[in-house]
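Work through the following exercises with the sequence and the coordinates side by side, and try each task before reading its solution.

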Amino acid sequence: MTEKVIILGAAGRDFHDFMSYWSLQPNVSVVCFTSTQIPGIGGRLFPPEMCNNHKNGNSYPNGLMIYDQNDLEALIEEHGATMCALAYSDISYDSVQSLAARVNSKGCKFIQVPPSLTQLHSSKPVVAICATRTGTGKSQTTRAIADYLKKKGKKIVVVRHPMPYDKNLLDQRCQRYEVLEDLVRYKCTIEEREEYELHIEEENLLYAGVDYQMILREAEKEADIVLWDGGNNDFCFFKPTVTICVADALREGHEEHYYPGEINMRMADLVLINKVNSLQSPDLASSQAQHIRDFLGKQDIPIILGNSVVTPEARGPTGQLLGDSVVKDMVYGKKVLVIDDGPTLTHGGMPFGAGYVLAKQMGAAEIVDPRQAAKGSLVGVFQKFQHLEKVLPAMGYDERQVSDLLETVRGVDCDCIITGTPINLENVIDVGKNCVRARYCLQLDKQNMTFLELALKPIV
């Protein structure tokens, strides 16, 4: 009997699972993908050139369509599907079970493929930086580890979890980022820029795309060590030498309730609890660490505490860096609009990000509510994510959404804008007002740095 499989995804691990596992299985026919979380993915085609047709007897000569997950029940009936495979991340356990109920009610099996079936083996050491939730600080952790390894004389290449948001997936098969102009060449969205730009600024060679077998082989040619910079709370696509899982001090307990973050926690060689400096007392993070040890049943797992340090940066009309006193005067006592990282605020569930923290830190008189000024697709974003009140998510998955973001920003009455998104947003939209950028980095004290060094010792 042939299993007819629908892969439930979000333009990320779904494609990897298909290429590394499902397309190579005998007696399996994948009938389509579904999509969620990322706007505008439904209606696209996964191209036949990436369907392993040379290995599976040309089973997918026309490629595979991607449909909206809202139509799941109808798709099961239309295609006679017998199995649905979950292949996306940062989903509450309640939502996972709800999906399973929808699938099972149609007489269809619901499965979750374990990492071991899809992880690719590398000829080079792999350090995987994963997380319990979106927005814990994976990328700042990856950059800190990259800096440490480079100082040890190692040549590193960062491989980023997929973000193939352009309509032509084949054009994004294997992308290499070395200079900022590459962001334009690959037509990167705001969300892609948020993950790539700082690596490029710090001279970390970066790969991303769709075909992670191809990406890994290319990265291996240039690296002593491959760094996996995870997306959401998904697991690594490569078999890791060392796994570091980043937890959020502001979201204690989420490691127990969001798929597949708990898998990352249980597979970790070291856990980093980040943003400890945002707590009223560091003792709360120590209690969280002990709770994690008890939950995992591993009293000996190394758990370190880190600070996410936020600092302001602003530039003048000719691009020159402005002095500290000038930047302070732009915010102190002023009416401020905060624009924070989109995924962190939306499916990450955070009510604020680094920009909001900086606005408070710098003494803004008022952080304005942007909801009344929302335009176009941003109206729907605020309706869907009603925990957002004092921050504007930097949504920009396509040109239309970037335009909606710009119109929304220009419709807000404020003296200054603070951007907590990792990129220089002024390179994408003309905000038309004084703008302060929130820079943030991981800070570890000597004791916690020692534990990190011990975890990395096998590859250094």
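**Exercise 1.** Determine in which sense, parallel or antiparallel, strands β9 and β11 pair in this predicted model, and find the bridge partner of V158 in β11.

*Solution.* Begin with the two segments, residues 156–160 for β9 and residues 206–209 for β11, which pair in the parallel sense over 2 bridges. Then look up V158, whose bridge partner in β11 is L206.

**Exercise 2.** Place this pair in its sheet by establishing the strand order, and state which strands stand at the edges.

*Solution.* The open sheet has 8 strands in the order β10-β11-β9-β12-β8-β13-β15-β16, and its pairing is mixed. At the edges stand β10 (174–177) and β16 (303–305); each has a single partner strand, so one side of each is left without a neighbour in the sheet. Between neighbouring strands of this sheet the turn is 25 degrees on average, with direction ignored. Finally, add helix α4 (residues 138–151), which lies across β8, β9, β12, β13 and β15 and runs at about 165 degrees to β12.

**Exercise 3.** Decide whether I423 is buried or exposed, and describe where I423 is found.

*Solution.* First locate I423 in the loop between β21 (416–419) and β22 (434–443). Next consider its relative accessibility of 0%: because buried means under 20%, I423 counts as buried. Then, leaving aside neighbours within four places in sequence, list the contacts of I423, which are I190, R193, E194, E197, V428 and R437. Lastly, compare I423 with I301, from which I423 is 122 residues apart in sequence and 34 Å apart in space, C-alpha to C-alpha.

Notes
Residues numbered from 1 in each chain as written. Predicted model: local features only at pLDDT ≥ 70, side-chain atom pairs only at ≥ 80, totals over all residues. Heavy atoms only, no water. Pairing = 2+ DSSP bridges. Helix = DSSP H or I, 4+ residues; strand = E, 2+ residues; numbered from the N terminus. Axes fitted to C-alpha atoms, helices over the stretch in contact; angles between N-to-C directions. Contact = heavy atoms within 4.5 Å. Buried < 20%, exposed > 50% of the residue type's maximum accessible area, 1.4 Å probe, protein only.
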